[in-house]
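Q: Can you walk me through this one? I'd like to begin with the core.

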Amino acid sequence: LQDHPETNVEPAPQSVAEEVQNIALIGRQEELDSLTNLVQEHGHALVAGLSGVGKTTLLRKWAAGQQAVVRWATVDEFSDVGSIAAQWMTDSGPLPEDLEATVEHVDAAGRGVLVIDDVHCLDARHEDAVGNLVHALRDRGHRMVLAGRLPVPASFDWPLLHLGTLPTNDAIQLLGEHLEEDLRRRVAK
């Protein structure tokens with residue numbers, strides 16, 4: 001601790017909108033527009049791509065531009081229907097245990113956009129129940145966007161926005177001006 005004294009840390013953003021103000025979306029306007037079009041056309045979409053390619057960043061930027069309330073959940077290997085609903089309904093009291101009651105509870109909060117990030121992490125033992133939750137809410141008119149690495153669970157065979165790597169000229173912008181351009185170009189490639 002003597003070698004690494006405590007430093008003041010900036011407070012974490014309080015909302016997705018505040019967080020997005022600090023995020024630069026470089027070279028992804030076409031994908032942002034494509035996501036908007038997919039959700040407008042189908043009511044739901046899946047954003048997929050390699051790890052670290054910018055799925056979450058793109059999705060957060062897109063979510064910040066929505067007029068409706070966006071409810072966000074991030075999945076890990078322990079996530080189930082209850083934990084996903086709890087992330088969506090942070091301002092709610094205790095959540096029901098039953099799938100149908102959970103659908104009713106989320107639906108009663110009003111229409112909006114429901115997001116599940118890292119859907120590829122969903123454990124197989126929860127896949128059917130989460131699929132039933134997502135499809136039931138989608139059928140009730142909630143717009144939904146999932147994001148994750150391929151392959152995602154088979155029940156999420158949705159309209160796909162495949163996020164590829166950034167072109168080199170865009171990628172070098174992410175590395176900052178403190179590095180020489182030649183080094184940034186080599187790293188980006």
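Q: Which residues touch the most other members in the largest nonpolar core?
A: This is a predicted model. In its largest nonpolar core, which has 23 residues, I84, W88, I116, L137 and F156 touch the most other members.

Q: And which elements each supply at least two residues of this core?
A: Three helices and two strands do: α4 (81–88), α5 (99–108) and α6 (124–139), along with β3 (113–117) and β4.

Q: What other core lies apart from it?
A: A core of 18 residues lies apart from that one, and its members include L32, V115, V145 and A147.

Q: Why would such side chains sit together at all?
A: As a general tendency, nonpolar side chains in soluble globular proteins are buried together.

Q: Back to F156. Where is it?
A: F156 is in a loop, the one that runs between β4 (143–148) and β5 (160–163).

Q: Buried or exposed?
A: F156 is buried, because its relative accessibility is 2% and the cut-off for buried is under 20%.

Q: What is F156 in contact with, leaving aside neighbours within four places in sequence?
A: The partners of F156 are L46, V119, L122, V130, G131, V134, H135 and L146.

Q: How far is L46 from F156, C-alpha to C-alpha?
A: The C-alpha atoms of L46 and F156 are separated by 7.8 Å, while the two residues are 110 apart along the chain.

Q: What about contacts over the whole chain, how much is long range?
A: Among contacts with a separation of 6 or more, 72% are between residues 24 or more positions apart.

Q: OK, the overall layout. How many helices and strands?
A: The protein chain has eight helices and five strands. Read from the N terminus, the order is α-α-β-α-β-α-α-β-α-β-β-α-α.

Q: How much of the chain is buried?
A: Of the 189 residues in the protein chain, 38% are buried.

Q: And what area does the chain expose?
A: The exposed area is about 11100 Å², and carbon and sulfur atoms supply 48% of that.

Q: Changing topic: pockets. What volume does the largest pocket have?
A: The largest pocket comes to about 250 Å³. It is lined by 14 residues, of which R28, G52, V53, L166 and L174 are the closest to its centre.

Q: How does that lining divide by class?
A: For the largest pocket, eight lining residues are nonpolar, five are polar and one is charged.

Q: How many cavities of 30 Å³ or more?
A: A search of the whole structure turns up one. The volume of the largest cavity is about 30 Å³.

Q: What lines the largest cavity?
A: V69, R71, V106, G110, R111, G112, V113, L114 and H142 line that cavity. By class these are four nonpolar, three polar and two charged residues.

Q: On to the backbone. Where is the cis peptide bond?
A: The cis bond joins L150 and P151, with omega at about 0 degrees. P151 is in the loop between β4 and β5, and F156 has its place in that loop too.

Q: Which residue has a positive phi although it is not a glycine?
A: D118 has a phi of about 60 degrees. D118 lies in the loop between β3 and α6, and it counts as partly exposed because its relative accessible area is 24%.

Q: There's also D76. Where is that found?
A: D76 is in the loop between β2 (70–74) and α4. With a relative accessibility of 34%, D76 is partly exposed.

Q: What does D76 touch, not counting residues up to four places away in sequence?
A: D76 touches C121 and L122. L122 is also one of the contacts of F156. As for D117, its C-alpha is 9.2 Å from that of D76, with their positions 41 residues apart in sequence.

Q: Last one, L175. Where is it found?
A: L175 is in the loop between α7 (168–174) and α8 (181–188). L175 counts as partly exposed, at 26% relative accessibility.

Q: And its contacts, leaving aside neighbours within four places in sequence?
A: L175 is in contact with R184, V187 and A188. L175 and V187 are 12 residues apart in sequence and 8.6 Å apart from C-alpha to C-alpha.

Conventions. Residues numbered from 1 in each chain as written. Predicted model: local features only at pLDDT ≥ 70, side-chain atom pairs only at ≥ 80, totals over all residues. Heavy atoms only, no water. 1 Å grid on protein atoms, 1.4 Å probe; cavity = no way out; pocket = protein on both sides within 12 Å on 5 of 7 lines; lining within 4 Å. Points joined across faces, edges and corners; volume = space filled by probe spheres on them. Nonpolar A, V, L, I, M, F, W, Y, C, P; charged D, E, K, R; others polar. Helix = DSSP H or I, 4+ residues; strand = E, 2+ residues; numbered from the N terminus. Buried < 20%, exposed > 50% of the residue type's maximum accessible area, 1.4 Å probe, protein only. Contact = heavy atoms within 4.5 Å. Core = buried A, V, L, I, M, F, W, Y, C linked by side-chain atoms within 4.5 Å. Areas by Shrake-Rupley, 256 points an atom, 1.4 Å probe, with all protein chains shown as cover.
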